[in-house]
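Here are my notes after a first pass through the model, in numbered points. Have a look at the fold yourself before reading on.

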Amino acid sequence: MREFHCPSCQEQVSFEQCVCTSCGDRLLFDPATLKIARLQGGSPCDNREIIGCNWSVEGGGRYCSSCCFNRTIPNLSVPRNILLWRRVEEAKRRLVYDLRRLQLPLVSRTGVQVAFDILSEETGPVLTGHLSGLITLNLAEADDVERESRRAAFREPYRTLLGHFRHEIGHFYWDLLVEGSKLRAPFNLIFGDAAQDYHGALDRYYKRAESAYDRKSFISEYATSHPWEDWAETFAHFLHIVSTLDTLAGLPLALDDRTKQVLKDPYLESDFEALLASWKPVARSINELNRSLGLGDAYPFELAPAIIGKLHLVHMAIGQFPSGSPHSPVNL
């Protein structure tokens, strides 16, 4: 995302910071303006003291416009859960930031608001997933060791908290942007028929012993399970791309004029080809940087033509969403 600066001393600060390390001023992120403000005179979220939420509250109430979407939070009598929940909420705030930049609503056509159940496993297994606007996340995914274990077990090259959120919200936006719209027919042509039995498809996927799949047609192995999952994986990757390009805008790099134009606001760039042309060298570069540090690729995916076509449909669906989103564009 874009650079943020302390309003008192102009030192660069991170999206998550509550205190400026240079001048000591206490900070708030204002989701209305998408800028960092001073805590003094602001309205901090009630979760600031518990999990370090640095967002301000809009329009009264106790919770900010990220924490307010929580329907269920973990059992806080377990100290470890507080640490893990803090990590979960940091990722969720980045998701909400993404959606505000894309000017997408967090409410369905029927008025159902997106909600989150953040559940721990003290009372039994928890499955991360989405159902009619309710996103459930297993708190164990915030444990680096546990998440890495699951990543390896499920043969995934990439598994992050933010990736989970971007994937699951993708299901919500399939319902909002594709189902019942003129994009349903193109979706069926590019992704496959969404009417096929979903639970049966997932059951067959998890029983499959063979891990090979057509990497030229699917962004990930899990995307092969059902067209809905293919859409959700592709939607998440689109968010990865625009968010990373947005960060690139603030780096001291030499860029050509067209790339500079894209980076003015990658979230709302209407030219998909220009967006993709800006992304390809970035993906290569961040992978090379990781390799230089002895790490795995940051973006271990190949954007073959068929996958690019799917990303293009996601871009079209977001771009064609009717105006009247509850969040107006913000000058950056």
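1. Let's start with a small one: which residue in S8 is the bridge partner of Leu-131? Leu-134 is. Keep in mind throughout that we're looking at a predicted model.

2. That pair belongs to a hairpin made by S7 and S8, with two residues between the strands. One turn residue, Ser-132, has a positive phi of about 50°. The two strands pair in the antiparallel sense over three bridges, and Gly-129 has Thr-136 of S8 as its bridge partner.

3. On to S6 and S8: these two run parallel and are joined by five bridges. Here Ile-118 stands opposite Leu-137 in S8.

4. Zooming out, the strands sit in an open four-stranded sheet with the order S5-S6-S8-S7 and mixed pairing. S5 (70-72) and S7 (129-131) are the edge strands, each pairing on one side only. On average, neighbouring strands of the sheet are turned by 30° against each other, direction ignored. Helix H2 lies across S5, S6 and S8, and runs at about 160° to S6.

5. Is S8 enclosed or open to the outside? Five of its five residues are buried, so S8 is largely enclosed by the rest of the structure. As a rule, side chains in a regular strand alternate between the two faces of the sheet. In S8, Leu-134, Thr-136 and Asn-138 point one way, while Ile-135 and Leu-137 point the other way.

6. Now the hydrophobic side of things. The largest nonpolar core has 81 residues, and those touching the most other members are Val-88, Ile-169, Tyr-173, Trp-231, Phe-235, Phe-238 and Leu-303. Elements that each supply at least two residues of this core include S3 (27-30), H2 (79-102), S6 (115-119), S8 (134-138) and H7. If you want one residue to click on, try Phe-238: beyond its sequence neighbours up to four places away, it touches Leu-102, Leu-275, Leu-311, Val-314, His-315 and Ile-318.

7. Finally, a histidine worth a look. His-226 lies in the loop between H6 (198-207) and H7 (227-248). Is His-226 buried or exposed? It is buried, because its relative accessible area is 1%, and the cut-off for buried is under 20%. Leaving out residues up to four places away in sequence, His-226 touches Ala-194, Gln-196, Asp-197, Tyr-198 and Ala-201. For anyone assigning protonation states, note that a polar atom of the His-226 side chain lies 3.0 Å from the backbone oxygen of Gln-196.

How values were computed:
Residues are numbered from 1 along each chain as its sequence is written. This is a predicted model: local features need pLDDT of at least 70, side-chain atom pairs count only at pLDDT 80 or more; totals for chains, interfaces and linings use all residues. Side-chain values use heavy atoms; hydrogens and water are left out. Buried means under 20% relative accessible area, exposed over 50%, partly exposed in between (1.4 Å probe, protein chains only). Contact means heavy atoms within 4.5 Å. A polar contact is a pair of N or O atoms within 3.5 Å; within protein, one must be able to donate a hydrogen and the other to accept it, and residues adjacent in sequence count only if both atoms are side-chain atoms. A nonpolar core is a set of buried Ala, Val, Leu, Ile, Met, Phe, Trp, Tyr and Cys residues joined through side-chain atoms within 4.5 Å. Two strands pair if DSSP finds at least two bridges between them. Axes are lines fitted to C-alpha atoms, for helices over the stretch in contact, and angles run from 0 to 180 degrees between N-to-C directions.
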